[in-house]
Amino acid sequence: RPPRSTLFPYTTLFRSKSVSPEQEDILLNIASTAIKGKEDHLPKAKLAQIAVNAVRAVADIDDGRKADLKEIKIEKIEGGSIEDSELVRGVVLDKERASINMPRKIDNARILLLNKAIEIKKTETKSKIDIATPEQMISFLSQEENLLEEIVRQIEKSGANVVFCSKGIADIASDYLAKSNILAVKSVSEKDMEKLSRATDAKILTELETVSDSDIGKACTVEEKKMVDKKFILVRDCSNPKSVSVLLHGGTKHVVQSMEITLNDALRVVSAVIEDGKYVAGGGSPEIEVELRLREYAASLTGREQLAVYKFAEAIDIIPKTLAENGGLDSLDILIKLRSQHEKGDRDAGIDIYTGNVVDMADMGIIEPLRVKIQAINSATEAASMILRIDDVIAAGKEKLPGTPPG
């Protein structure tokens, strides 16, 4: 294996091309290529479009086009048509309204995220209150109600019409919120609160005394929706969401699981190509190009180094060879055709397994992220090196031991 410093850059060997997040057609082709071999009953074109839109929404252009896939939440729903699957430009919560008297849907939602209980806190120490008359009991209960009513007034004053609370909401407070036409959701997890903050641009507050307009998040609609036998809270159509959700519908558990696996494959390749901004043609074309360039490079070396590079180039052939064999084609004929086309300058020539011809993969839309190709070769090289090292250790340990004495 020659020194790393003498190897060609991957971008030179693979003849990669540049892509930007705005080039939707290329991103769709990359997503489609990743899921082409999946189960035929899945809506692959729709899943590819969902993947592209989701990654583009969460990609941070200012931070080197970093796309954090943790900001894409996937909710699986067993039931309904797979065509009902959709991307929600916001957050989907497996929750329901704090009270059935609250509005089911709020348009032009102004969202308050509250990390504070809307209920009377219990004291940490045990205490005893002696109440001697009915008037004292009424006064005691009225005091609690007044405290909760004051919290609801502060929420109204902030201008919010939707409240997501990470803690509990008392029944009395729920009634006051319902009378004020405010939709509230309680016991929202910390992770979902952070997603809501990134999707709606709302700040997570611990106090209500100093709420400003900049603390309030916005969304087109917030609604409670029953899907199959479960209720969900959907925060839809945020103006610039940095966290989105995908609803996957399927008739059975197997179908929705298959859709999730397929979608995850598409999400990963799209995020990789957006972050790196590089892609290559598929169908075995980059491997043949690498093989030819490595053979040229080997000719400039001598001795064992030349043999090592030749063998490395030969190993790269396994990708187009396997593609041809899996398509029922003659691998030797295909390799000869591929090399011939690449030597003529057609660097994107690859195998069309449906026709058995060597064609331009880029024109057919069969393209992949450069990172996938680099990772495949790096992983295979490290695995082969590890096997050889283990083999050396085992061989060194097989020294003959002295025979056992008779008897």
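This passage walks through a predicted model of one protein chain, from its overall confidence to a few individual residues.

The chain holds 13 helices and 15 strands. Of its 407 residues, 43% are buried. Contacts in this chain often bridge distant parts of the sequence: among those between residues at least 6 apart, 74% join residues at least 24 apart.

Confidence is a good place to start for anyone planning to compute with these coordinates. The average pLDDT of the chain is 84, and 87% of the residues score at least 70. Among the elements, strand β7 (residues 183-185) has the highest mean pLDDT, 93, while helix α1 (residues 10-14) has the lowest, 55. Residues 1-9 fall below a pLDDT of 50, and this stretch has 13 contacts in the model beyond near neighbours in sequence.

Attention turns next to a pair of helices. Helix α9 spans residues 303-316 and helix α10 spans residues 318-326; their axes come within 5 Å and cross at roughly 25°. Angles under 35 degrees count as roughly parallel, and α9 and α10 are therefore roughly parallel to each other. On the α9 side, the residues that meet α10 are Glu 314, Ala 315 and Ile 316, and their partners in α10 are Ile 318, Ile 319 and Pro 320. Sorted by class, this contact of α9 with α10 has five nonpolar residues, one charged residue and no polar ones.

Two serines in regular elements have side chains with polar partners. The first to be described, Ser 245, belongs to strand β11, which covers residues 244-250. With a relative accessible area of 1%, Ser 245 is buried, because buried means under 20%. Leaving aside residues up to four places away in sequence, Ser 245 touches Lys 73, Glu 86, Leu 87, Val 88, Gly 90, Val 91 and Val 92. One of these, Val 92, has its backbone nitrogen 3.1 Å from a polar atom of the Ser 245 side chain. Ser 245 also shows how the fold brings together remote parts of the sequence: its C-alpha atom is separated by 7.9 Å from that of Ala 54, although the two residues are 191 apart along the chain.

The other serine, Ser 258, is located in helix α7 (residues 253-276). Ser 258 counts as buried too, with a relative accessibility of 8%. Here the polar partner is a backbone oxygen: the side chain of Ser 258 reaches that of His 254 at 2.9 Å.

Backbone torsions provide the last point of interest. Most residues other than glycine have a negative phi. Asn 181 has a positive phi of about 60° although it is not a glycine. This asparagine, Asn 181, sits in the loop between α5 (171-179) and β7. Its relative accessible area of 47% makes Asn 181 partly exposed.

On the other side of β7, in the loop that leads to α6 (190-200), lies Ser 187. Phi of Ser 187 is likewise positive, near 55°, in a residue other than glycine. Ser 187 is partly exposed as well, with a relative accessible area of 39%. Loops on both sides of β7 thus contain a residue with positive phi, namely Asn 181 and Ser 187.

Conventions: Residues are numbered from 1 along each chain as its sequence is written. This is a predicted model: local features need pLDDT of at least 70, side-chain atom pairs count only at pLDDT 80 or more; totals for chains, interfaces and linings use all residues. Side-chain values use heavy atoms; hydrogens and water are left out. Axes are lines fitted to C-alpha atoms, for helices over the stretch in contact, and angles run from 0 to 180 degrees between N-to-C directions. Helices (H or I, at least four residues) and strands (E, at least two) are DSSP runs, numbered from the N terminus. Angles under 35 degrees count as roughly parallel, over 145 as roughly antiparallel, 65 to 115 as roughly perpendicular and the rest as oblique. Contact means heavy atoms within 4.5 Å. Ala, Val, Leu, Ile, Met, Phe, Trp, Tyr, Cys and Pro count as nonpolar, Asp, Glu, Lys and Arg as charged, and the others, Gly among them, as polar. pLDDT is the predictor's confidence in each residue, from 0 to 100. Buried means under 20% relative accessible area, exposed over 50%, partly exposed in between (1.4 Å probe, protein chains only). A polar contact is a pair of N or O atoms within 3.5 Å; within protein, one must be able to donate a hydrogen and the other to accept it, and residues adjacent in sequence count only if both atoms are side-chain atoms.
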